[in-house]
Amino acid sequence: MKVWMEKNCVPENLRKEIMVKIREKLEQDKHADVENLFSILPWATRKSLKRVLCMSTLRKVPMLEGMNPKVLKMICDYLKPVIYPENSYVAEADLVRSAPSSRWIRHCYVAKVDEPVDRMVLVTEGTMWIYSSNSTGASASNKIHRTVENGGIYGDEQLLSWVSKNMQHVSLATIPISTENVKCHTRVEGFAITATDLKAVATKCKMYWNYDDPREKQRVASSTIGMSFRRNRGNPNRPATVGVGAATSPRTRIEYLQKRT
């Protein structure tokens with residue numbers, strides 16, 4: 001575990017916290033599965049560790065470049081640890097732990113042709129093959145387009161494009177369909193965020209989201225300004241010189257809201 005933490009550049013204070021939790025778990029049960037790290041860590045520690053392991057990968061995603069750090073942190077918070085066996089594809093989750101917030105989820109496949117791309121996967125260990133053939137074995141390896149390895153990500157282009165359209169029309173009914181197969185060449189460990197959770201992040205962070213259409217961001221800003229103005233207008237304790245109502249221009253109001261958010 002110490003070697004793993006050093007390899008992943010886990011800060012010293014977080015390492016100490018993790019080792020304390022491991023020792024406590026082993027004192028309670030000497031046969032405890034401490035390799036399943038996220039099952040024994042408290043919520044705050046899991047949150048910090050996910051950000052350490054995943055923030056650098058998210059910053060490299062082209063569609064997330066320049067995105068407000070608050071958005072990236074929230075994406076990290078929604079990520080769930082996953083394991084994909086060797087020679088498998090990503091499918092329905094097989095429940096292996098009872099605590100939804102901490103379990104490692106074991107999958108059968110990542111994506112298949114003509115099936116929905118329902119998650120974005122960040123790989124921390126292992127290798128995935130991306131190919132277009134519906135066949136398996138040697139014929140599949142001859143048509144490999146690319147691989148996703150340690151520090152790589154799959155599903156970012158499809159799902160980020162989907163959720164970055166007009167928020168009023170983002171629906172699971174319009175979720176992208178895979179045009180390629182994604183198979184695990186080795187045992188793969190990583191983190192995944194579902195399409196539903198990614199949409200939730202975009203909705204909560206709509207003031208900071210990079211929409212494909214600049215008019216959508218303006219529409220979101222105007223809508224937020226209107227709601228805040230109506231909410232503050234009914235507050236008798238609101239200072240006359242503070243708040244959206246005191247802003248002298250739409251641009252000033254947007255800047256004020258961004259500081260408050």
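Here is a short conversation about a predicted model, in which a visitor asks and a guide answers.

Visitor: Let's begin with the overall make-up: how many helices and strands does the protein have?
Guide: Happy to start there. The protein has 261 residues, and 42% of them are buried. Among contacts between residues at least 6 apart in sequence, 65% join residues at least 24 apart. The secondary structure comes to nine helices and eight strands.

Visitor: How many disulfides does the structure hold?
Guide: A disulfide calls for two cysteine sulfur atoms within 2.5 Å of each other. Two of the cysteines can be described by their surroundings: Cys-9 is exposed at 60% relative accessible area, whereas Cys-184 is buried at 0%. The number of disulfides in the structure is zero.

Visitor: Helix α3 has caught my eye. How far apart are its end C-alpha atoms?
Guide: Helix α3 covers residues 43-59, which is 17 residues. At 1.5 Å a residue it should span 24 Å, and the value from the model agrees with that. The end C-alpha atoms are apart by 23 Å.

Visitor: On which residue is the kink in α3 centred?
Guide: The kink comes to about 40°. The residue at its centre also belongs to the buried set of α3, a set that includes Arg-46, Leu-49 and Cys-54. The kink is centred on Leu-53.

Visitor: Which elements help to cover the buried residues of α3?
Guide: The residues to be covered include Thr-45, Lys-50, Met-55 and Leu-58. Strands take part in the cover, among them β3 (119-125), β6 (153-154) and β8 (188-194). Helices take part too, and these include α1 (2-7), α2 (12-28) and α4 (69-78).

Visitor: Picking one residue of α2, is Ile-18 buried or exposed?
Guide: Ile-18 lies in helix α2, and it is in contact with Met-5, Val-10, Leu-37, Leu-41, Thr-45 and Leu-49, leaving aside neighbours within four places in sequence. Its C-alpha is 7.7 Å from that of Thr-45, although the two are 27 residues apart in sequence. The cut-off for buried is under 20% relative accessible area. Ile-18 has 0%, so it counts as buried.

Visitor: Now to pockets. Which element gives the largest share of the lining of the second largest pocket?
Guide: The second largest pocket holds about 230 Å³ of space. It is lined by 14 residues, and the closest to its centre are Asn-8, Leu-53, Thr-57, Thr-124 and Gly-151. The elements that give two or more residues to this lining are α3 and β3. The largest share, five residues, comes from α3.

Visitor: What relative accessibility does Thr-57 have?
Guide: Thr-57 is found in helix α3. Beyond its neighbours within four places in sequence, Thr-57 is in contact with Leu-122, Gly-151, Gly-152 and Ile-153. Thr-57 counts as buried because its relative accessibility is 8%.

Visitor: Val-52 is also in α3, so how far is its C-alpha from that of Cys-9?
Guide: Val-52 lies in helix α3 and is partly exposed at 27% relative accessible area. Not counting residues up to four places away in sequence, it touches Asn-8, Cys-9, Val-10, Pro-11 and Leu-14. Val-52 and Cys-9 are 43 residues apart along the chain, yet their C-alpha atoms are separated by 7.8 Å.

Visitor: And in α4, which residues does Asp-77 touch beyond those up to four places away in sequence?
Guide: Asp-77 is found in helix α4 and is partly exposed, with a relative accessible area of 29%. One of its partners lies 26 residues away in sequence but 7.6 Å away in space, C-alpha to C-alpha. The residues touched by Asp-77 are Lys-47, Lys-50 and Arg-51.

Visitor: Finally, some backbone angles: what is the phi of Asp-114?
Guide: Most residues other than glycine have a negative phi. Cys-9, in the loop between α1 and α2, has a positive phi near 55°. Asp-114 lies in the loop between β2 (105-106) and β3 and is exposed, with a relative accessible area of 62%. Asp-114 is not a glycine either, and its phi is positive, at about 70°.

Technical notes
Residues numbered from 1 in each chain as written. Predicted model: local features only at pLDDT ≥ 70, side-chain atom pairs only at ≥ 80, totals over all residues. Heavy atoms only, no water. Buried < 20%, exposed > 50% of the residue type's maximum accessible area, 1.4 Å probe, protein only. Helix = DSSP H or I, 4+ residues; strand = E, 2+ residues; numbered from the N terminus. Expected span 1.5 Å × (residues − 1). Bend = angle between axes of the 7 residues up to and from the residue. Contact = heavy atoms within 4.5 Å. 1 Å grid on protein atoms, 1.4 Å probe; cavity = no way out; pocket = protein on both sides within 12 Å on 5 of 7 lines; lining within 4 Å. Points joined across faces, edges and corners; volume = space filled by probe spheres on them.
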